[in-house]
Amino acid sequence: MPVVIPILIKAVVTAVIVKAVDVVVDVIVEKVFGSDEIETRDASQSEAQAAARARALLINKSSNNSGIPLVYGKYRMGGTRVYLETSNGNGDIADSDAGNEYFNMVLTLCEGEMGNIRELYFGDILVWSGNGNDSGSGYQLSGYTGGNEYSDADKTVRYHNGSANQGVDSMMQTSVGSSRWGSNHRLRGIAYLAIKLKANADAYAGGVPVITAVLEGKNIPNVSTITSGQTSTPTQTESANQNPADVIYDYLTNTTYGKGLDHNTSGNYVAGLDIDIASFKQARLDCASAWNGAGIVYNGPLSTEQRIFENIQRLTRACNGMLIWTGGKYRLIIQNANETSQYSFDEDNIIGQMSVQKAKKASRVNKVTAGFTDSSLNYVDNIVVTKDATALAEDNGTVLEVSSDHQLTTNSAFVTRLNQYRIDKTRNQMTISFSSTHASLVVECGNIVSVSQEALNWTNKKFRVVSIEINEKDEVKFGAIEYVPSIQI
């Protein structure tokens, strides 16, 4: 799944011949080929759908075919009621007060295996907090928070983290009877809550409250520990603030909700079979050291109802990454501010015409309004509005605004960084396309190259290669975007 961006040239306004090279400068292009495809798509219906799905995680719904969300890092979520029953709490169900005084519910949360449960809410009321570790048979919450309307209510809540070998919930089985909740009702691979509430007119006068939980850290591979060729299960990590390289590797290799890469035809795991492990290790380091050590981390959901391609685009976009297909394997590159040139182009190895394109005003942005789920506000919706006064002045006071939605972060400071990055990126989008000899095939998408052109007064000007193809003349054709260190994460 290489990130290949199409080249679209709308008009030629100037031609300058230097030696054997024609340099064509185009300033009225309709679409700059360096534009991020996912940004265009997310600005429309796709982003609205993704945002709606993320917000829907804070409700409880009943369904027998609803998609199960995928959550990375620490996040608050509701769930889907997949089982409801009243009983006397000891396996009997009868049409009498003594036979239905307990309300039993199974609430599925997300794909497993997750880390510990940290908080439980009834509506907006925090009823429990701690560090609940499910060792395989379920974790029963205890020590509920006092001083609220639910303090005196009789309630039993058990958390299952969604491990592949988790057993049946014994509390639920006892409460409704093994004939209704049998030994095969294990919900393996799904994190869920088993809940038993005793009738209480004071606490539940308005009905059963919306129940949500804060879980910490999906169990995913730690790519820093993986050796290419290994067939054993990678070391797993469970935590908040998960590294994008680990997350992307998990999504690409998972056989349940992901692409299933690094698995042979027999379905067995083989590290490095489809993925360049070294590139993911370097990307992990780059994410950790990004933004002067502040780092890039993920805390948020992906929808399993979205296409794999779209989810991968969101994952890479949120860390300024590029997923490249080269040499029969996928490589992950984090575009950062300290990259050096890996190849040089000049009049001696550029064949024929070079096109230089600059973005028109319509492609620039000086204001971004972004929605996200704010962890500092108990994971409710919030927005960050980022305005760039300098950019606004450059645009003669005309507000050029775009709306966005960030599902993979719960931190307002991180959203502000992403907003400013997007503003700066749209204002530095000079792109070039040119052909060269077969000797340049050592260059790969994502590489930084230096370009020298006397006619344009360029001496080793840096560009990032974003597309490579062989043209009809059997020449290597490159598309590249200007590399500006100040706008790299």
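Start in strand β22: select Val-384, the bridge partner of Ala-370. The model is predicted. Each stop below names a selection and then what is there.

**Stop 1: the β21-β22 hairpin**

Ala-370 and Val-384 lead into the pairing of β21 with β22. Show both strands. They pair in the antiparallel sense, over eight bridges. Now move to the link between them. Five residues lie between the strands of this hairpin. Pick Asn-378 and check its backbone: phi is positive, near 60°.

**Stop 2: across β21 to β23**

Keep β21, residues 367-374, and add β23. Six bridges join this pair, in the parallel sense. Two residue pairs make good markers. Select Lys-367 and find Glu-401 of β23 opposite. Then select Gly-371; Asp-405 of β23 stands opposite. Before leaving β21, colour by burial. Eight of its eight residues are buried.

**Stop 3: the whole three-stranded sheet**

Display all three strands together. The order is β22-β21-β23, in an open sheet with mixed pairing. Which strands stand at the edges? They are β22 (380-387) and β23 (401-406). Each has a single partner strand, so one side of each is left without a neighbour in the sheet. Look along the sheet for the twist: it averages 20° from one strand to the next.

Next, add helix α8, residues 412-426. This helix lies across β21, β22 and β23. Against β22, α8 runs at about 40°.

**Stop 4: helix α5**

Select residues 277-289, helix α5. Begin at its start. A side-chain oxygen of Asp-276 reaches to within 3.1 Å of the backbone nitrogen of Ala-278. Then go past the other end. Trp-291 follows α5, with a positive phi near 50°.

Check the length in the viewer. α5 has 13 residues, which at 1.5 Å a residue should span 18 Å. The end C-alpha atoms are 19 Å apart, which agrees.

Which residues of α5 are buried? Select Ile-277, Ser-279, Phe-280, Ala-283, Asp-286 and Cys-287. An α-helix has 3.6 residues a turn, so residues three or four places apart point the same way. Keep that spacing in mind while viewing the selection. What do the buried residues of α5 pack against? Show α4, β17 (321-326) and β18 (329-334): these are the partners.

**Stop 5: α4 against α5**

Now narrow to the two helices. α4 covers residues 244-253. The axes of α4 and α5 come within 7 Å and cross at roughly 145°. On the α4 side, select Pro-244, Ala-245, Asp-246, Ile-248, Tyr-249 and Leu-252. They meet Ile-277, Phe-280, Ala-283, Arg-284 and Cys-287 of α5. Colour this contact by class: nine residues are nonpolar, none is polar and two are charged. Ile-277, Phe-280, Ala-283 and Cys-287 are also among the buried residues of α5.

**Stop 6: a four-stranded sheet**

For the last stop, show β5, β13, β8 and β9. They form an open sheet in the order β5-β13-β8-β9, with antiparallel pairing. The edge strands are β5 (75-77) and β9 (125-132); each pairs on one side only. Neighbouring strands here are turned by 15° against each other on average, direction ignored.

Finish on β8, residues 117-122, and its partner β9. The two run antiparallel and are joined by five bridges. Select Ile-117, and Gly-132 in β9 stands opposite.

Notes: Residues are numbered from 1 along each chain as its sequence is written. This is a predicted model: local features need pLDDT of at least 70, side-chain atom pairs count only at pLDDT 80 or more; totals for chains, interfaces and linings use all residues. Side-chain values use heavy atoms; hydrogens and water are left out. Axes are lines fitted to C-alpha atoms, for helices over the stretch in contact, and angles run from 0 to 180 degrees between N-to-C directions. Contact means heavy atoms within 4.5 Å. Ala, Val, Leu, Ile, Met, Phe, Trp, Tyr, Cys and Pro count as nonpolar, Asp, Glu, Lys and Arg as charged, and the others, Gly among them, as polar. The expected span of a helix is 1.5 Å times one less than its number of residues. Buried means under 20% relative accessible area, exposed over 50%, partly exposed in between (1.4 Å probe, protein chains only). A polar contact is a pair of N or O atoms within 3.5 Å; within protein, one must be able to donate a hydrogen and the other to accept it, and residues adjacent in sequence count only if both atoms are side-chain atoms. Two strands pair if DSSP finds at least two bridges between them.
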